[in-house]
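Hi everyone, thanks for coming. Today I'd like to walk you through some side-chain contacts, one pair at a time. Please have a look at the picture first.

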Amino acid sequence: MNTGAYHEKDAPKGRESKIYLNIGEEVSDEINNILKSYTAPPKVVINNGFDGGRNLEVLVKYLGDPGSYGVVSGRKPSGPCHFGHKLVVETLSFFQENGGWIFLPVADLEVILDPKIDKEEHYFLLAADNLLDWGAWGLNLDAAYVYPQSEEIRVMNLAYLLSRNLNFENYLDIYGADTMINEFQFIFAGLTQVGDILLPQHSEFGKETSFMLSGPDQDGHMKMTTDLSGYAVESGIIKSLPSSLYIPLIPSFEGKKESSSGPGATLYLGSLRNEYAFLENGGKQLDNIRKLSLDERIKESMYKIDKYCEINKPGVESSICKRAEFLDCFSDLDLADDNLITTFKARVASNLKDQYERRKQVLEYALYLTGEYLEKKGELAKKEELKTVAMTKKLNLYNSSIPAFWKKESASYIPENLRTAQTPWYLLVSRAIAQLQP
């Protein structure tokens, strides 16, 4: 059971930027060995790096057959992506390359409920930027089911059905007392995530089980989903309890997890940066989103590394060690090298350049798919949608080639007829084209 520094009563409280270790159940050698038998396992698998999970006996039963399960992750588009997200998405890509179905909810409902984001344009821009990063990290967005939560009625139905066993303690464990007092509306966000986790088991998708891949800070959501799922299994609404695997959290230079809530010590990979206005009640609200060129992104990262080397060099070195242990892009770093910091800086710059080129390919392909989609709609397309096609052609970003780094394992493609959301991933991207860049 729980083997880490935090006991069950100290489980994650939603938004706290702590480093949680070995949450829930310890991942067994059996699970690790099954994953190592998959094609091209990443370092997080090779090094037995998962930081615990839930209901792992269920996972053992089905893990040997990728066709029997669906993997759920997702993103609340409230900030830019960083290396911690990279580890999650690259692991999702690993499951996808081995034939697993990947479900990626874009948590627009949670954004709508969040008082820190009050402009729809900010949500659309951040969602598009996040999708470029997901695709750039190798996740085939055509094969996965990417959907805005607000458009997936099956998620709503599952959440509604499972709410019969809901209790206040579930939410207190996830969000903490302050949020429940001041932002009680998040009760709906938590329930929606229950529906997301169980969606692969909906009768129309027909999977035997589902599991959530996330950081251990999301364990509260899995605990609540488990508490609510017993009745659903007994009544035949779903086939089994869901399970979860937790990716190790990448520490920032301050020793917390890399997070948008600590932007000064987090290394980002995409182009956007949030700017907040501070409110009279002590809260904050997203006021503006800046775009950084590739050169500015590199300069920003170098500044952060240098700054923390001066004030907390052991913290920088600890963060580098964790990245080298679990991120393939840092796997060959010599941690005993006297020039480790210099080498690390060069590797970060190289990652940012590679990320830029990959984001560009995903963006071009998204705009191509948008043009195809809108041309099929013909006269039904709205004027503003047709402007997107015109802008696409004007910018010479009409590349029909699927990104070369997307694997095309046929078993991993979720059939189009099962995707009921109205807005496919490429429309989410193209909707923000006027403000977006690779």
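I'll talk about aromatic rings, then charges over rings, then salt bridges. One thing to keep in mind throughout: this is a predicted model.

Let's begin with the rings. A pair of aromatic rings is described by two things, the distance of the centres and the angle of the planes. Searching the whole structure turns up 20 aromatic pairs. One of them is made by Tyr38 and Phe95, which meet edge-to-face, with 6.3 Å from centre to centre and 90° between the planes. Where do Tyr38 and Phe95 sit in the chain? Tyr38 is in the loop between α1 (29-36) and α2 (43-46), while Phe95 belongs to helix α4 (residues 83-97). They are 57 residues apart, and the pair links distant parts of the chain. Both Tyr38 and Phe95 are buried.

Now please find Trp425 and Tyr426. Their rings are also an edge-to-face pair, at 6.0 Å centre to centre and with 85° between the planes. Are these two buried or exposed? Buried means under 20% relative accessible area. Trp425 comes out at 4%, so it counts as buried. Tyr426 has 15% relative accessibility, so it counts as buried too. These two residues also belong to a cluster, in which ring pairs link them with Tyr365, Tyr368, Tyr373 and Trp406.

Next, charges over rings. Which residue has its charged end over the ring of Trp101? That is Lys207, and the distance to the ring centre is 3.9 Å. For a second example, look at Tyr276: Lys284 lies over its face, 4.3 Å from the ring centre.

On to the salt bridges. How many salt bridges are there? The count comes to 16, and I've picked three to show you.

The first takes us back to helix α4. Glu90 and Lys86 form a salt bridge, and their closest N and O atoms are 2.9 Å apart. Why are the two separated by about one helical turn? Because they are four residues apart in helix α4. Glu90 has 23% relative accessibility and counts as partly exposed, whereas Lys86, with a relative accessible area of 7%, is buried.

The second is between Asp133 and Arg359, whose closest N and O atoms are 3.0 Å apart. Asp133 is in helix α6 (residues 120-136) and Arg359 is in helix α12 (residues 340-377), so this salt bridge ties together parts that are 226 residues apart in sequence. Asp133 is buried, with a relative accessible area of 0%, and Arg359 is buried with a value of 0% as well.

The third joins Arg154 and Glu204, with 2.8 Å between the closest N and O atoms. Here a helix meets a loop: Arg154 lies in helix α7 (residues 153-162), and Glu204 lies in the loop between α9 (186-198) and β6 (209-214). The pair therefore ties together parts that are 50 residues apart in sequence. At 4% relative accessibility Arg154 is buried, but Glu204, at 44%, counts as partly exposed.

Finally, back to Asp133 and Arg359 for a moment. Which residue joins them in one network? It is Asp129, and the network is made by salt bridges that share partners.

That's my tour, and I'm happy to take questions.

Conventions
Residues numbered from 1 in each chain as written. Predicted model: local features only at pLDDT ≥ 70, side-chain atom pairs only at ≥ 80, totals over all residues. Heavy atoms only, no water. Phe/Tyr/Trp six-rings, centres within 6.5 Å; stacked < 30°, edge-to-face > 60°. Buried < 20%, exposed > 50% of the residue type's maximum accessible area, 1.4 Å probe, protein only. Lys NZ or Arg CZ within 6 Å of the ring centre and 35° of its normal. Salt bridge = Lys/Arg side-chain N within 4 Å of Asp/Glu carboxyl O.
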